[in-house]
Each structure stands twice: as C-alpha cells, then as structure tokens.
Amino acid sequence: MNRFNHFISILSGKFNNSKQFKALQKKGDIHFPFAEHINTVCNDKIKNLPRNFKGIFVLEESYYTSNGKTNSSPHLFLFTEENDAVKLTSYEIPQGYNKITFTYDQLEPVEYSSLQPSKKFTPAIYTLKDNNVWEGGSVSMFSPTLKFTLFERFSDELLEVSESLEANGKKIFGFDQPILYIKK
C-alpha cells in the first residue's frame, strides 16, 4: 500500500474519544465533549470526476456531545498528494444539504463541477514523520478578526485533533488539550 492510500486508510472509518472522555469525566471535567467522527470515502457519490482524477473525497460526519446536547458538523474534504505530503482542501457543503442532512447515507450523487472549495479555509498540509505518524494543519482567517487553527496528528492507533477558533484574539472555541480519537 502506498503512503497516500495508507493515509486515507488511517482516516477512514468510525472514531470516538470515549476512552479520553471517560477519563476526564472521572477527573471531574464535565466540559470536554464526547466526540465522534465517521469518515467515509465518497468518490462513488461524485459524478463526472475528471479523467485520471487522483484525489480522494472524504465526507467527515462529526458529532460533539456536551452538557447533554449533540451538535453535528459535517465537512467535505478533498485529499491529494503533493510531492511527499498530503493536502486537505475543504469544500462547501453541496447545495440542498445542511449540517443535519449532509451524511454519507443521505448524499445523493452530486456533480463534480458543482462542488466549491471553501474560500475561508486554508488547505492543510500533512507530512509523514518518524514512526508512521502524519502531522499537519493550517491557520485560516475566516474574517479579519476570526482565526481558525487546526493541528492534527494521525497514526494507525490514534487520531489527535486540535482545533481552536479565536475572535479578536480571544478563544471562543477549542479545548486545552487535543481530542484523542480511536478507531472503532
């Protein structure tokens, strides 16, 4: 299996942070969320991909439960090989879907030409480090005062995700430690 396909296989599947969540709950941290990801390769649902298209689209269904309330946050990502790295480009949710209905199971075939890369998200770049760990991320300015920072570390054992959102230099979303996802 080549490095790019190995990267995609690490990211594909169902993940949650139940081990981390339970440990933090036991310590009294009631604010850290229970988080789940369902990452599904979805090239099969995209019509008329260009001939010799080498990218892989992944639909990420994310669910965060905190204080008894669950919020969904789906994303469409395109992964491509860039020299010795992997590039993640975020796409807008296709027309006709919202954060509740944009799931792999509900996704009807969509035209490639209708897909729009996100204008706000700076593509993330991941490189392979020692011991088969991929690391990378990006910093995006969603507006002149709204900054999104992403850092991730992936291996066969663990997906480590750190995200924060700052408005005027003040953190409005994010946690002091990364979310640690284990494949189920």
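A salt bridge is a side-chain nitrogen of Lys or Arg within 4 Å of a carboxyl oxygen of Asp or Glu. In this predicted model, D176 and K171 fit that description, with their side chains meeting at 3.7 Å from N to O. D176 is exposed, since its relative accessible area is 82%, while K171, at 40%, is partly exposed. Salt bridges that share partners also tie E135, R153 and E160 together into one network.

Within that network, the side chains of E160 and R153 come together at 2.9 Å, N to O. E160 has a relative accessible area of 17%, so it counts as buried, and R153 is partly exposed at 27%. By the same rule, the count for the model comes to 4 salt bridges. Another one of them pairs K47 with E111, whose closest N and O atoms are 3.8 Å apart. This pair links distant parts of the chain: K47 belongs to strand 3 (residues 46–47) and E111 to strand 8 (residues 110–111), with their positions 64 residues apart. Both ends are partly exposed, K47 at 38% relative accessibility and E111 at 30%.

Now for the inside of the protein. The largest nonpolar core has 28 residues, and F7, F79, Y126, F154 and Y181 are the ones touching the most other members. Several elements each supply at least two residues of this core, including strand 4 (56–66), strand 6 (75–82), strand 11 (146–154) and strand 12 (159–167). Helix 1 gives the most, with 5 residues. As for F79, when neighbours within four places in sequence are set aside, its contacts include F4, F7, I8 and L11, along with G55, I56 and V86. A separate core of 12 residues lies apart from this one, and C42, F57, L76 and L78 are among its members.

L159 is found in strand 12. With a relative accessible area of just 2%, L159 is buried, because the cut-off for that label is under 20%. Leaving out residues up to four places away in sequence, L159 touches I10, L11, F15, R153, F154, I179, L180 and Y181. So R153 turns up twice in this picture, as a partner of E160 in a salt bridge and as a residue touching L159, with R153 itself being partly exposed. The C-alpha atoms of L159 and G68, on the other hand, are separated by 24 Å, and the two residues are 91 apart along the chain.

Aromatic rings come next. A search of the whole structure turns up 16 aromatic pairs. The rings of F57 and Y112 have centres 6.4 Å apart and planes at 70°, so this pair is edge-to-face. It also bridges distant parts of the chain, with F57 in strand 4 and Y112 in the loop between strand 8 and strand 9, 55 residues apart. F57 is buried at 0% relative accessibility, whereas Y112 is partly exposed at 25%. F142 and F148 make a stacked pair, because their planes are at 15° and their ring centres 5.4 Å apart. Here F142 is partly exposed at 28%, and F148 is buried at 11%. On top of these pairs, F7, F77, F79, Y126, W134 and F154 form one aromatic cluster.

Charges also sit over rings. K120 lies over the face of F142, at 5.8 Å from the ring centre. In a second case, the charged end of K45 is placed over the ring of Y104, 4.2 Å from its centre.

Terms used
Residues numbered from 1 in each chain as written. Predicted model: local features only at pLDDT ≥ 70, side-chain atom pairs only at ≥ 80, totals over all residues. Heavy atoms only, no water. Core = buried A, V, L, I, M, F, W, Y, C linked by side-chain atoms within 4.5 Å. Buried < 20%, exposed > 50% of the residue type's maximum accessible area, 1.4 Å probe, protein only. Helix = DSSP H or I, 4+ residues; strand = E, 2+ residues; numbered from the N terminus. Contact = heavy atoms within 4.5 Å. Phe/Tyr/Trp six-rings, centres within 6.5 Å; stacked < 30°, edge-to-face > 60°. Lys NZ or Arg CZ within 6 Å of the ring centre and 35° of its normal.
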